[in-house]
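Student: I should like a close look at a single part of this model, with its surroundings described in connected prose. Please take the helix that meets the partner chain and work outwards from there.

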Amino acid sequence: MIIVEAVQQEIIKIKDTNKDFINEVIQAGGEGVQSCYQCGTCAGGCPTEYVMDYSPRKIMRMIQLGLKDKVLESTTIWLCASCNTCVTRCPRDVKIANVMAACKSLAIKEGYHAGMKEGPAFYNAMVDNMKSHGRLFEGEMMVKYFNRSGKGLKGLLEMAPLGYMMFKKGKIAIMPHNIKGLDQIKTIVANIEKMERGE
Amino acid sequence: MKYTYYPGCSLEASGKEYDMSFREVAKGLDMELVEVEDWNCCGATAAYSVNDLLSHALTARNIALAEKEGHDMIAPCSECYHKQFKTNKAIHHNPDKKDKINKALDGTGLKVEGKINIKHPVDVFINDIGAEKITEKVTKKLEGLKVASYYGCVMTRPDGIFDSPEYPTAMDKIVKALGATPVDFREFKTKCCGGPVLITKEDAAYDLTAVLLGKAKEFDADIIITACPLCHMMLDAKQPDIELALKKKYGVPILYISQLMGLAMGIEPKKLGLDKNFVDTGKVVKMFQ
């Protein structure tokens, strides 16, 4: 007996695609995405594929097709551990982890988070922390992260036992270490902003 | 041999025992370390996920500072190593990117030229120093200790510069040089620890770490060694939480490779920060005291 299952196929309408999206991804550091030929090696070796909504292979194709909203609104980009298993094995030399990071940066810029506010909140808290001190000051960073991610005091309290143990073992600093070259960091950030504006 | 040393933020905090033990072991192996003057955070996965050029420019500041010293730079945290290695590769092989990076450094008085290499301690131990010299420095052979070497993700990936990105063996060779017994950790050697998704998907991160702990027990390893502070945090500091969440008991001590080397070289356990690990290391220490 042959069982034929009806597969619900999604129809992609050309009007819903964004032809510039692939270039945006490449510009943001996702070089090579255009070379993907859909072999699926990336998805096969990915340690977190089982919790993603689209596999890495699908995301590569969706970028090529210009499905900007779907890609930036997917949980996949926040669940990539950047472990580079896929990059090591890709026969087309696509730097998949860089493509995922490029998508994260576009998502952060445009306010997408796929219901995972923790991702952008953590990355922003870490980068801001580094801009203000030059090195990470974990205590302050975590407070800002919990604020931004919406986890608030509850989240902070959940972390407290680990934090206390770290403190007891002398693994958490009480004061930030500000580097002498903080002005250099500020200059770098300003230069990049200028370069991105095309100046 | 003289090196420039980039400890990185983790080694000043949660990975303090890695810094302590690495400095001790380096001294014992006659390496001279000059710390990068006024280094900054490498930006890790965060800067790279917010802005690619920012990630390259931040690491480039450290590289430019290290170039002033003129020696190869050692970065013990695998993430710091990976990010700085990647930027350094672009500086050496991608003139367009190098120009962009130097443009981002404009006005800081710093410039990258491509004069040095970025190295991981495991690379230095096995290739610059060599197993033979390590064995010479051993005063207490770690006989009878079964060790699973966990390499983690980006120490050898994606380029496999000093060891195989799929099945590396450098750490196992060091274990052997110390007189201990390497346990074949198979594909789990480089399987992701889940650390980077701890924030967005805690249960998946726990699952991934639990696989490593479970396999180490299954393969009858006494301890796991790591060479990355994030892997170490997941396996060591989070081990009690993982046991609680998954209702399992592992109790596997997790040592940094430099802590294990230090023990075999007869360095005092306190100097190696062996009291700073979360899972008790007392049993291992007692075996060789």
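Tutor: The following account begins with one helix and its packing, then turns to the interface, the partner chain and some local features.

The model is a predicted one, in which local features need pLDDT of at least 70 and side-chain atom pairs count only at pLDDT 80 or more, while totals for chains, interfaces and linings use all residues. Residues are numbered from 1 along each chain as its sequence is written, chains are lettered from A and ligands numbered from 1 in the order in which they are written, and side-chain values use heavy atoms, with hydrogens and water left out.

The helix in question is α5 of chain B, residues 95-104. Helices here are DSSP runs of H or I with at least four residues, strands are runs of E with at least two, and both are numbered from the N terminus. Within α5(B), the residues B:Lys97, B:Ile101, B:Asn102 and B:Ala104 are buried; buried means under 20% relative accessible area, exposed over 50%, and partly exposed in between, with a 1.4 Å probe and protein chains only. Viewed down the axis of α5(B), these buried residues fall within an arc of 155°, so they line one face of the helix. The arc is that of the directions from the helix axis to the C-beta atoms. An α-helix has 3.6 residues a turn, so residues three or four places apart point the same way. On the face of α5(B) turned away from the buried side are the exposed residues B:Pro95, B:Asp96 and B:Asp99.

The buried residues of α5(B) pack against elements of both chains: α11 (182-196) of chain A, and α3 (52-69) and α4 (78-93) of chain B. With α11(A), the packing angle is about 125° and the axes are 8 Å apart; axes are lines fitted to C-alpha atoms, for helices over the stretch in contact, and angles run from 0 to 180 degrees between N-to-C directions. The two helices, α11(A) and α5(B), are therefore oblique to each other, since angles under 35 degrees count as roughly parallel, over 145 as roughly antiparallel, 65 to 115 as roughly perpendicular and the rest as oblique. From α11(A), the residues A:Ile188, A:Asn191, A:Ile192 and A:Met195 make the contact, and from α5(B) they are B:Lys100, B:Lys103 and B:Ala104. Contact means heavy atoms within 4.5 Å. By class, the residues of this contact divide into four nonpolar, one polar and two charged. Ala, Val, Leu, Ile, Met, Phe, Trp, Tyr, Cys and Pro count as nonpolar, Asp, Glu, Lys and Arg as charged, and the others, Gly among them, as polar.

For the two chains as wholes, the contact takes 59 residues from chain B and 57 residues from chain A. About 5,100 Å² is buried between chain B and chain A, and carbon and sulfur atoms give 62% of that area; buried area is the accessible area (1.4 Å probe) that two parts lose on being put together, summed over both. On the chain B side, B:Ile199, B:Thr200 and B:Phe278 lose the most area to chain A, together 12% of what that side buries.

The partner, chain A, has 11 helices and zero strands. Its C-alpha atoms fill a box of roughly 70 × 50 × 30 Å, taken along the principal axes, and 48% of its 199 residues count as buried.

Two residues of chain A have an unusual backbone sign. Most residues other than glycine have a negative phi, and most peptide bonds are trans. A:Ser82, in the loop between α5 (76-79) and α6 (85-89) of chain A, has a positive phi of about 60° and is buried at 8% relative accessibility. A:Asp93 also has a positive phi, near 60°; this residue lies in the loop between α6 and α7 (96-110) of chain A and is partly exposed at 49%.

In chain B, a cis peptide bond with omega about 0° joins B:Arg157 and B:Pro158. B:Pro158 belongs to the loop between β5 (146-149) and α8 (170-177). Of the eight residues of α8(B), six are buried, among them B:Met171, B:Ile174 and B:Val175. Their cover includes α6 (121-129), α7 (131-137), β5, β6 (181-183), β7 (223-226) and α12 of chain B.
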